[in-house]
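Colleague: I would like to go through this model with you before I plan anything around it, taking the charged pairs and the surface in turn.

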Amino acid sequence: MDVYCRYHPTHGANWQCLGCHVQLCGSCVPVKPGKGAATCPLCQQVMRYSAEGSAAEVTPFWQRLNDFFAYPMAKDPMILVAICTLVPLALGKDLISLIIAIALFCAQVKYMYSVIETTSKGVLKPPELLSAFSGGGLLLVIQQTLIFIAFGALIVVSGIWGGSFLMILAVAFSALVLPASIMLLAIEGNVVDALHPTRLIGFISSIGWPYFVLYGYLLLLFLGLGAAQDFVLSNFSQTLGFPLAGLISSYFMLVIFNMLGYLLFQYQHRLGLTPDEALEAPPQNPEALAQRNDKLAMAEIDINLKEGRYEAAAGLLRNLYKRKPHDLVVLDRLYKLLLETNAWPELLKTSKPVLQMLADAGRIHELKLVLRGLYGHYPDYTINDETLLYNVAQSLYHSGDFRLTLKLLQGFNSRFPESAHAADAIIVMARTLANGLHRADKAKEYLLYVQKHYPDHSATPEIPAWIEVMEKNGRLPEPVAKFGFSP
């Protein structure tokens, strides 16, 4: 039965709490066990890892047939197949050529078992070419040869002792358990386990009926392989036919070994296999360790939010933001949580980066919501950063919130007399008064103030014309639209 995460209903649950019995997926577990135990985020007791939940997220192998046939088409397996097929054609019949041919065969066998190993861990990309030459290929060839000899001996002995009927049963049994034997050899690396009848039968029983479905597909693949090789050898010359037959054989074997590895991956929960990631030790690299801790902190924050522990979630977010003050995702989550919980004292402390984030992102509605809330709770609230204040005021003016614009800019020049935005702030106030509040008389006073006190400002020569237009139309001309917060 598939088990799903309490907080992510579409994710399989790989962790089970021994205390409160909650079941969680890997992304919800706040502490990874460095070869030890994880801690439940709800009751802080030890959690138990189980691969059972991963089955809920794995696509059944019978729905991935197209992927299996496409698997050998990747660069690394294609290069290996080409090397192992074409290089022997150029070899002679001397001892060195024989050694090279054996080495290439061992490399191919090693790569096939690497396919099972990587696929069984959920890695659906073929292993790198170098894995075929990393050693261990000769041992695998010897082990696999011993397995074939053992099955052959079983068939011969059965025929001698029990006649043709018992021999047929031995052939059927050997053919049935051979895929399980290959998978056990890949898992255990032990010939005894791969040949032990009890181990083989137990392995097949653990997987159940899907094993027989796979077995049916494997029979069809071997029939297809035989038909393709027969066609090639019958219709092409030996010079071309044998290399083509070798290529076809290698292709089909890659498909078959990929299917075997995927079966292990899909039914790891039944076989008692645990992915390495489940017991992953904390990374030693400082950057990787920081990323891991941030990821776990976000998981704990999500759990607290879903459990209604808003203060705890806010505290975790504040701590995370202190470590990552430039992370806008963390800041955005913190701001939204504080706003939803009416935590205005905390919003006051983070008002500057929050307003900067909202202004930069053009989130004007939220910008006004935060400012109104701050003024409502703290009537004397001010923005102490002159550039941020000017940019926010511009945004409010263009959004049509004229009274809030004036409230923001009130006393700008007395607070920031040396500011590069001083004259521009007065001009924004003049436009707000004339175009928004229909106070052309008051706007004229502000424009004349700029003309008198900021004679070198770029807009000062235009002020007489602006006043003339305003006295005629009751409005100040708007500046040419620009992107960003240019004066």
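Colleague: Is Asp332 buried or exposed?

Modeller: This is a predicted model, in which local features need pLDDT of at least 70 and side-chain atom pairs count only at pLDDT 80 or more, while totals for chains, interfaces and linings use all residues. Residues are numbered from 1 along each chain as its sequence is written, and side-chain values use heavy atoms, with hydrogens and water left out. Buried stands for under 20% relative accessible area, exposed for over 50%, and partly exposed for what lies in between, with a 1.4 Å probe and protein chains only. Because its relative accessible area is 15%, Asp332 is buried.

Colleague: With which residue does Lys336 form a salt bridge?

Modeller: A salt bridge here is a side-chain nitrogen of Lys or Arg within 4 Å of a carboxyl oxygen of Asp or Glu. Lys336 is partly exposed, with a relative accessible area of 41%, and it lies in helix H12 four residues, or about one turn, from its partner Asp332; helices are DSSP runs (H or I, at least four residues), numbered from the N terminus. The closest N and O atoms are 3.2 Å apart in this pair, and the partner of Lys336 is Asp332.

Colleague: Which residues are linked with Asp332 and Lys336 in a network of salt bridges?

Modeller: The structure holds 15 salt bridges. Some of them form a network in which Asp332 and Lys336 are linked with Arg363 and Glu366.

Colleague: How many residues apart are Asp401 and Arg372?

Modeller: Asp401 forms a salt bridge with Arg372, the closest N and O atoms being 2.4 Å apart. The pair links distant parts of the chain, since Asp401 sits in the loop between H16 and helix H17 (402-409) and Arg372 in helix H15, and their separation is 29 residues.

Colleague: Why does Trp161 count as exposed?

Modeller: Trp161 is placed in helix H4 (residues 137-188), and with Val156, Val157, Ile160, Phe165, Leu166 and Leu169 it makes a nonpolar surface patch of about 780 Å². Patches are made of residues with over 30% relative accessible area and no salt bridge, like charges being joined within 9 Å and nonpolar side chains (Val, Leu, Ile, Met, Phe, Trp, Tyr) within 5 Å; areas come from the Shrake-Rupley method with a 1.4 Å probe, and for residues only the protein chains shown count as cover. Trp161 counts as exposed because its relative accessibility is 75%.

Note on methods: Helices (H or I, at least four residues) and strands (E, at least two) are DSSP runs, numbered from the N terminus.
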